[in-house]
Amino acid sequence: MTSAKAIYAKMRSSIEEYDEDAAAAAAREALEAGLDPVEAVEMGFAGAIRELGEAFDRMEIFLPGLVMAADAMKAGVAVLEEALEARGDVLKRKGVVVLGTVEGDIHDIGKTIVGAMLQANGYEVHDLGVDVPTTRFIQAAQEQKAQVIAMSALLSTTMLFQRDVLELLRNQGLDGKYLVVVGGAPVTQEWADEIGANGYARDAVEAVKLLDGWLGEQAR
Ligand code: B1M
């Protein structure tokens, strides 16, 4: 059987080569080899896409390249996501989460991984997608009778909308009704504290731990 290291190398080069089919094939190989889907995303795909982001920053590659790399990563993540979601079927529901990437922001890979991990760990996740208007988070939380509002932001300009959602909750007298978790590359614990979010998660695994700390007990 191919080693984990060799599979991660294939996953990595599929992103560097903008190859969607190769990314999906490498993700399937990771599953067949029994690798953990979340670890496979981090070890195989995520490092490569972050390095391309840095190359983009240095103007060594251009936006179309980054878009094609992201498409390859999405094709690979979609394969792993299915496996994560299948895992979730056997678990008891711990709580309802509305999740989205904030207004003005179309980055969806990290958010999708967080959603898949939460679902795999027993949460009912309503993924609102990307570029989600501030009011929509609250409306969806009310409609779905959610306990948690989860917001992803990848841009230092759009993370400000996380604060807007919290302000709107306060203005509507809904302060404390929902547990609010924020995340995304520019987001920090300090930012979460500053805007009055209930929690911050660095990655998908941390997000599950955080929500389990809040809601896990009620499912037991
Ligand atoms: Co964009 N982009 N991008 N981009 N992009 C970044 C974020 C950037 C850091 C790249 C760079 O310049 N080095 C930079 C932001 C700078 C800043 O503001 N600090 C940037 C920029 C500038 C832009 C544009 C403005 C470029 C332009 O047009 N000139 C533009 C903005 C578009 C918009 O949103 N309005 C743009 C566009 C794009 C693409 C469309 C090309 C593509 C996105 C495709 C897609 O998502 N469908 C893209 C990509 C791929 C990136 C990088 C390279 C990779 C993001 C990614 O998918 N990472 C990114 C560089 C970087 O992040 N270092 C970059 C992999 C993913 C697994 O990690 O998303 O961090 P991540 O998610 C993690 C954690 O953050 C966390 O868990 C996840 C799993 O571990 N997490 C949460 C995320 N959400 C969470 C929520 C939680 C908890 C944890 O609870 C709710």
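How far is an oxygen atom of the ligand from an N or O atom in the side chain of aspartate 57? The distance is 3.1 Å, which fits the cut-off for a polar contact (a pair of N or O atoms within 3.5 Å). Before going on, a word on the model: it is predicted, with local features needing pLDDT of at least 70 and side-chain atom pairs counting only at pLDDT 80 or more, while totals for chains, interfaces and linings use all residues. Residues are numbered from 1 along each chain as its sequence is written, and side-chain values use heavy atoms, with hydrogens and water left out.

Back to the ligand. The backbone joins in too: a backbone N or O atom of aspartate 108 sits 2.8 Å from an oxygen atom of the ligand, and a polar backbone atom of serine 156 is 2.9 Å from a ligand oxygen. Both Asp108 and Ser156 are listed among the closest residues, along with Ile106, His107 and Ser152, in a shell of 36 (a residue is near a molecule if one of its heavy atoms lies within 4 Å of it). By type, that shell splits into 20 nonpolar, eight polar and eight charged residues; here Ala, Val, Leu, Ile, Met, Phe, Trp, Tyr, Cys and Pro count as nonpolar, Asp, Glu, Lys and Arg as charged, and the others, Gly among them, as polar.

Which elements supply the shell? Helices H3 (37-57), H4 (63-88) and H5 (109-120), plus strands S3 (148-152) and S4 (179-183), each bring at least two residues (helices are DSSP runs of H or I with at least four residues, strands runs of E with at least two, numbered from the N terminus). Domain 1 (4-86) and domain 2 (95-219) both contribute to the shell, so the ligand lies between them; the domain bounds come from an automatic or database assignment.

Now zoom out to the space itself. The ligand takes up the largest pocket, which holds about 1500 Å³. A pocket is an open set of points on a 1 Å grid over the protein atoms alone, with protein on both sides within 12 Å along at least five of seven lines; a cavity is a set where a 1.4 Å probe fits but cannot get out, and lining residues have an atom within 4 Å of a point. The pocket lining has 46 residues, with Arg50, His107, Ile109, Gly110 and Leu154 nearest the centre. H3 gives the largest share, 11 residues. The lining divides into 29 nonpolar, six polar and 11 charged.

There's also one cavity of 30 Å³ or more, with a volume of about 50 Å³. Its lining includes Pro37, Val77, Glu81 and Thr112, and H4 supplies the largest share, four residues. Seven lining residues are nonpolar, one is polar and one charged. As for the domains, domain 1 and domain 2 each give at least three residues to this cavity's lining.

Notes
Polar contact = N/O pair within 3.5 Å; in protein donor to acceptor, adjacent residues only side chain to side chain. Sits in = over half its atoms within 2 Å of the grid points. Points joined across faces, edges and corners; volume = space filled by probe spheres on them.
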